[in-house]
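Trainee: I have a protein with a ligand open on my screen. Can we go through what surrounds the ligand?

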Amino acid sequence: MDFDLTPSQRELSAIARVFAAELALHAREREEAHATPPAVIRGLGERGLLGVNIPKELGGAARGPVAYAAAVREIAGGDAAVAVTMAVTNMVSEVITRFGTPEQRERYVPKLVSGEYVGGAFGLSEPQAGSDAGALATRAERDGSDWVLSGQKMWISTGDQAGVIVVWARTGGPGTKGISCFLVEGGAKGLAAGKPEEKMGLRASHTVALSLDGVRVPDSARLSELGHGFRIAMAALDGGRIGIASQSLGMGFAALERARAYLAAHPSRFDEQLAALADMATELDAGWLLTLRAARLKEAGTPFSVEAAMAKVFASEAANRAVRAAVRILGEAGALEEYEAARLVRDCRVTQIYEGTSEIQRVVISRALLSK
Ligand code: COS
């Protein structure tokens, strides 16, 4: 496997690194304000970071999944909360580009990738259907040429601000084959967002519950065919998992750099700390290689679900070990906000949970092993 990035991939990664350094300056303020200004999202859009794998004719950067992974990693190193909006918006843009009609693509994708919308949202999870996504209960009933959507969604990133939300709803009987998906615009009548959740980390990114109370959409808002919704969700999450692996590694590498700088400035430290630094670097590199492999397979149009699951579970767990190790290495300073290791610990935790928990990734991997 060729480990080098191409000039185009390196260029986007460098653009993201420069923007990440700017973002890092005010990450704490955004965390305290529990908000990311729309100008930051537009800043991502202006740099081609919201449609990394989207064709140019829709306003995207057309740089592919590897460039995407590298760019998410960089942005997460500056502010992982901004990286969440980046990741979800890229995922929503990709899902509409891949499964949408020409009209749906032209209506939504340019606004998503430019940052004109304050992001897109992925409305899959429900109070009783998180890991078991196929158990979702939101219903879409046919009414003439329209669909009327009713139900509850939960844990929706940017759900209160997004310009467009992909909403999964049941149009048929129980099970995964009864699920379809729809494009619902932010501000639609009958759509209401709860208050942003008080979270452990990533506080500058809003996570909300959504209630759909008779939200009416035309049949032209249906994404792909009836009953294809679950497969669309799974395919989107395969790519999403590469994004979360990259996001977690961005935080892990940021923690590694803080620990490295600290140990370089305090050379009289214990051997255990040097060993911890070495382990951080080794595990994060291993996570990055797995992530690159999954991204390269996606880029080549080859199946990559299992590799994305491996990348996500390993990278997020390695990154969580790394951020905690950084706090240990920094000692007292690790507990101070100014050193940022504490924020990395808070922000990194959920990467083992969202877009499929570590347990779900292991289900995906072990099922594939046993079906051989
Ligand atoms: N890509 C495309 N299609 C897929 C797929 C994938 N990665 N994974 C599964 N499918 C298809 C299957 O081929 C199957 O299709 P058919 O019915 O035509 O054969 C269908 O989807 C159902 O698959 P399966 O039987 O494996 O579904 P399960 O209900 O057993 O669910 C898991 C599988 C657990 C893997 C799934 O529910 C999951 O990923 N859950 C986590 C959800 C998640 O990540 N939520 C986070 C949301 S964002 S915070």
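Mentor: Start with the classes: Ala, Val, Leu, Ile, Met, Phe, Trp, Tyr, Cys and Pro count as nonpolar, Asp, Glu, Lys and Arg as charged, and the others, Gly among them, as polar. Keep in mind that this is a predicted model.

Trainee: OK, so how many of each class are in the shell around the ligand?

Mentor: The shell holds seven nonpolar residues, six polar ones and six charged ones.

Trainee: Which residues come nearest to the ligand?

Mentor: Ser131, Lys177, Asp238, Arg241 and Arg367 do, out of 19 residues around the ligand.

Trainee: Take the serine. What part of serine 131 is 2.8 Å from a nitrogen atom of the ligand?

Mentor: A polar backbone atom of serine 131.

Trainee: And the arginines?

Mentor: Those use their side chains. Arginine 241 has a polar side-chain atom 2.9 Å from an oxygen atom of the ligand. For arginine 367, a side-chain N or O atom is 2.9 Å from a ligand oxygen.

Trainee: How much of the ligand's accessible area does the protein cover?

Mentor: The ligand has 1000 Å² on its own, and the protein covers 68% of that.

Trainee: Where does the ligand sit?

Mentor: In the largest pocket.

Trainee: New topic. Which helix gives the most to the shell?

Mentor: H7, with seven residues. Helix H7 spans 229–265, and helix H11, at 358–370, also supplies at least two shell residues.

Trainee: Which domains does the shell draw at least three residues from?

Mentor: Domain 2, which is 121–227, and domain 3, which is 230–370; each gives at least three.

Note on methods
Residues numbered from 1 in each chain as written. Predicted model: local features only at pLDDT ≥ 70, side-chain atom pairs only at ≥ 80, totals over all residues. Heavy atoms only, no water. Near = heavy atom within 4 Å. Polar contact = N/O pair within 3.5 Å; in protein donor to acceptor, adjacent residues only side chain to side chain. Areas by Shrake-Rupley, 256 points an atom, 1.4 Å probe, with all protein chains shown as cover. 1 Å grid on protein atoms, 1.4 Å probe; cavity = no way out; pocket = protein on both sides within 12 Å on 5 of 7 lines; lining within 4 Å. Sits in = over half its atoms within 2 Å of the grid points. Helix = DSSP H or I, 4+ residues; strand = E, 2+ residues; numbered from the N terminus. Domains from an automatic or database assignment.
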